[in-house]
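Please open the model in your viewer and keep the selection panel at hand, since this tour goes from one selection to the next. We will visit two pockets and look at what lines them.

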Amino acid sequence: MAGLDVMVVGQVARDLVLRVDEVPEAGGTAPVRRRRELLGGKGANQAVGLAQLGAAVGLLGVVGDDEVGERLLALARADGIDVQWVRRRPGTPTALIVDVVDADADWRYLEDVAEATLLTPDDVAGAASALRAARAVLVQLQQPARAALAAARIAREAGRLVVLDGAPTDAADADALLALADVLRADAQEVELITGHAPRDAEAGLAAGRGLLRRGPSLLAVEVAGKGNAFVWPDGELFLPLSETPTVDDTGAGDAFVAALTLGVLRGEPRERVARHAVAAAGATVGHPGGRPALTPEAIRAQLDRIPAT
């Protein structure tokens, strides 16, 4: 366990992706042009991305004690992910996410995520040794606030890099979580949940990052929806437009972004390089249906060439 670079704390789910020309109206039908069944959920997607980028990665999440859960764990192991800390919840069906994507790259999610598939503080406590041993802990704030806080505190007390992804499910916990973080990544909706305002342009994104910088993290990555990402750190800031890539499905782009962001910070890379590689990783994920990353060196290099100069 001491050899892990990153422990990811987050969701594990069966991801069923259906590509259609258009979503039918009530009473209608539509042929499925492509179907993919994948290891999914934000935690698993981020762990896959980290493994593809060369990190030794472990996963703390929950699956059921059903056949689907066993199959997902086997897929994660095949990806090189340490799953010994994934909980098998008795009597619980593994989470299912159906991603229906049309020809315009618009998606609709259907989610069957039982409360029992979410992490509890006891789950986190049971994995405390792994969280203390990893060099970085990446915590998804889509998990219950008490579990997220427990994971972040264990990592902070052990002197590990703490990366938060998202917005707290309970606004009352926002200050405590931000104070524990080294890095925060938030999309536009999540920024609005934390600050009360969704950034509409580059300057608003940078301003949001500067405000959040005062609340604890030393690196902020803030999405401006449809335009790009603002990066803010104590002695610099940068806004990067989206890479010029045709989009099939942007599911999982944020997870690939966070994976590259985490690893770049962990490796001590310059902040501008970290930012560019995070945007490149997201761009490498939008060209295929489903949220599973495909972060090959070739894909990253191709995306870096497409990011407009600032």
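Begin with α11, residues 297-306, in this predicted model: α11 provides four residues to the lining of the second largest pocket, which is the largest share of that lining. Next, add α9 and α10 to the selection, because these two helices, together with α11, are the elements that give two or more residues to the lining of this pocket.

Now show the side chains of Leu53, Arg267, Arg273, His277 and Ile300, which lie nearest the centre of the second largest pocket among the 16 residues that line it. If you colour this lining by class, you will find eight nonpolar, four polar and four charged residues, placed around a volume of about 280 Å³.

Keep α9 (253-266) and α10 (271-283) selected, as each of them also supplies at least two residues of the lining of the largest pocket. Of the elements in that lining, α9 gives the most, with five residues. Then add α1 (42-52), β8 (96-101), β9 (107-112) and α7 (188-195), each of which likewise supplies at least two residues there.

Which residues lie nearest the centre of the largest pocket? Select Trp107, Asp187, Asp250, Gly252 and Gly254 to see them, and then extend the selection to the whole lining, which has 46 residues. Coloured by class, this lining divides into 18 nonpolar, 17 polar and 11 charged residues, and the pocket that they line has a volume of about 1400 Å³.

Conventions. Residues are numbered from 1 along each chain as its sequence is written. This is a predicted model: local features need pLDDT of at least 70, side-chain atom pairs count only at pLDDT 80 or more; totals for chains, interfaces and linings use all residues. Side-chain values use heavy atoms; hydrogens and water are left out. On a 1 Å grid over the protein atoms alone, a cavity is a set of points where a 1.4 Å probe fits but cannot get out, and a pocket is an open set with protein on both sides within 12 Å along at least five of seven lines; lining residues have an atom within 4 Å of a point. Grid points are joined across faces, edges and corners, and a volume is the space filled by probe spheres set on the points. Ala, Val, Leu, Ile, Met, Phe, Trp, Tyr, Cys and Pro count as nonpolar, Asp, Glu, Lys and Arg as charged, and the others, Gly among them, as polar.
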